[in-house]
Amino acid sequence: MRTTTAFGIAAGVFAIALSACGGGGASGGAAPPPATTYDLQTGVSNLVSQGLTNNVTLSGTVIASGQSVSFTGTGTLTLTPSVAATFNNTAASSQTQTLSGTVSASGQTLTLPPSTVVDYYASGTDAFLGETGTGEYDVAQTPFTYPTMVVGGSTGTLGTISRYTDGTMSVSLGTTEVTYAVTAPVDPGGPVLVKLTSQIKDALGMLTETDVTSYDLSSAGILTLVSSSAQNASGTVLATVQ
């Protein structure tokens, strides 16, 4: 998977400003109800413990012989329920993410081999610790948690991840910065859209890939996958939940 308190401070300042305006003036009616807040950390914890399986529609482009070729397809994205593990000599929970599917391009159909990564979270707090995949071992510079209270318009940086070729952490591949942005609900009290963006940079600090995963987050703290995308020099891919 690849807390802003600013809105709370602003709300407090706004309330003080209203009280300082003096009584007896025309109020223009009752104040609107406060915006519903959402617990992103609880949503992540639920997702880590319970996992998910979604059928997805695949689309995008790939660069072949210098030409951009479009493809479409279908697949399955799975997050297993977490299990006890160890990561970077620390007790953790691990969750395996797998994407498999079939795509068609230029009249040919190709079955994609399963693409798998494993995410690690701190036991008890579900703070993000890192991720492993083929030829990569990523470690959060500081374990990061997700905000417990967000509203539409909330944004922030979750943390920075150091990327290495393996668990010895002797060869750097660069870093990944993970941020979040929340879009206001369509209906008051309805789910908000949460976008988690990972900007992946090489060892020289050059941006090489941008990944975006979008979820609906309910007021009860339930995350529902909407889509996941990646863009780099080789092309783009978008997986949208059917």
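Here is a short walk through the model, with a selection to make at each stop.

**The whole chain**

Start with everything shown, and keep in mind that this is a predicted model. The protein contains 2 helices and 13 strands. Of its 242 residues, 35% are buried. About 12,700 Å² of surface is exposed, with carbon and sulfur atoms supplying 57% of it.

**Colour by confidence**

Next, colour by pLDDT. The average for the protein is 85, and 86% of the residues score at least 70. Select helix α1 (residues 6–19) to see where confidence is lowest, at a mean of 27; then select strand β3 (residues 83–87), where it is highest, at 97. Widen the first selection to residues 1–27: the pLDDT is below 50 over this stretch, which nevertheless has 31 contacts in the model beyond near neighbours in sequence.

**Strand β4 and its partners**

Now select β4 (residues 90–105) together with β2 (residues 67–79). These two strands run antiparallel and are joined by 8 bridges. Click on L79 and you will find Q97 of β4 opposite.

Add β3, which pairs with β4 in the antiparallel sense over 5 bridges. F87 has T90 in β4 as its bridge partner. The two strands make a hairpin with 2 residues between them, and N88 in the turn has a positive phi of about 50°.

Then bring in β5. Its pairing with β4 is antiparallel too, over 13 bridges. One pair to click is S93 and its bridge partner in β5, Y121. This hairpin also has 2 residues between the strands, and here S106 takes a positive phi near 50°.

**Zoom in on T116**

Stay on β5 (residues 108–122) and select T116, which lies in that strand. Is T116 buried, exposed or partly exposed? Its relative accessibility is 35%, so T116 counts as partly exposed, because that class lies between the cut-offs of 20% for buried and 50% for exposed.

Show what surrounds T116: leaving out residues up to four places away in sequence, T116 touches T96, Q97, T98 and G133. Pick out T98 from that group. T116 and T98 are 18 residues apart in sequence, yet their C-alpha atoms are 4.5 Å apart in space. Their side chains are joined by a polar contact of 3.3 Å.

**Last stop: the aromatics**

Finally, show the aromatic side chains. The structure holds 5 aromatic pairs. One of them is F144 with Y146, edge-to-face, at 6.1 Å centre to centre and 70° between the planes. Both F144 and Y146 are buried. Add Y121 and F128 to the selection, and you have one aromatic cluster formed by Y121, F128, F144 and Y146.

Key:
Residues are numbered from 1 along each chain as its sequence is written. This is a predicted model: local features need pLDDT of at least 70, side-chain atom pairs count only at pLDDT 80 or more; totals for chains, interfaces and linings use all residues. Side-chain values use heavy atoms; hydrogens and water are left out. Rings of Phe, Tyr and Trp (its six-membered ring) pair if their centres lie within 6.5 Å; planes under 30 degrees apart count as stacked, over 60 as edge-to-face and the rest as tilted. Buried means under 20% relative accessible area, exposed over 50%, partly exposed in between (1.4 Å probe, protein chains only). Helices (H or I, at least four residues) and strands (E, at least two) are DSSP runs, numbered from the N terminus. Contact means heavy atoms within 4.5 Å. A polar contact is a pair of N or O atoms within 3.5 Å; within protein, one must be able to donate a hydrogen and the other to accept it, and residues adjacent in sequence count only if both atoms are side-chain atoms. pLDDT is the predictor's confidence in each residue, from 0 to 100. Accessible areas come from the Shrake-Rupley method with a 1.4 Å probe; for residues, only the protein chains shown count as cover. Two strands pair if DSSP finds at least two bridges between them.
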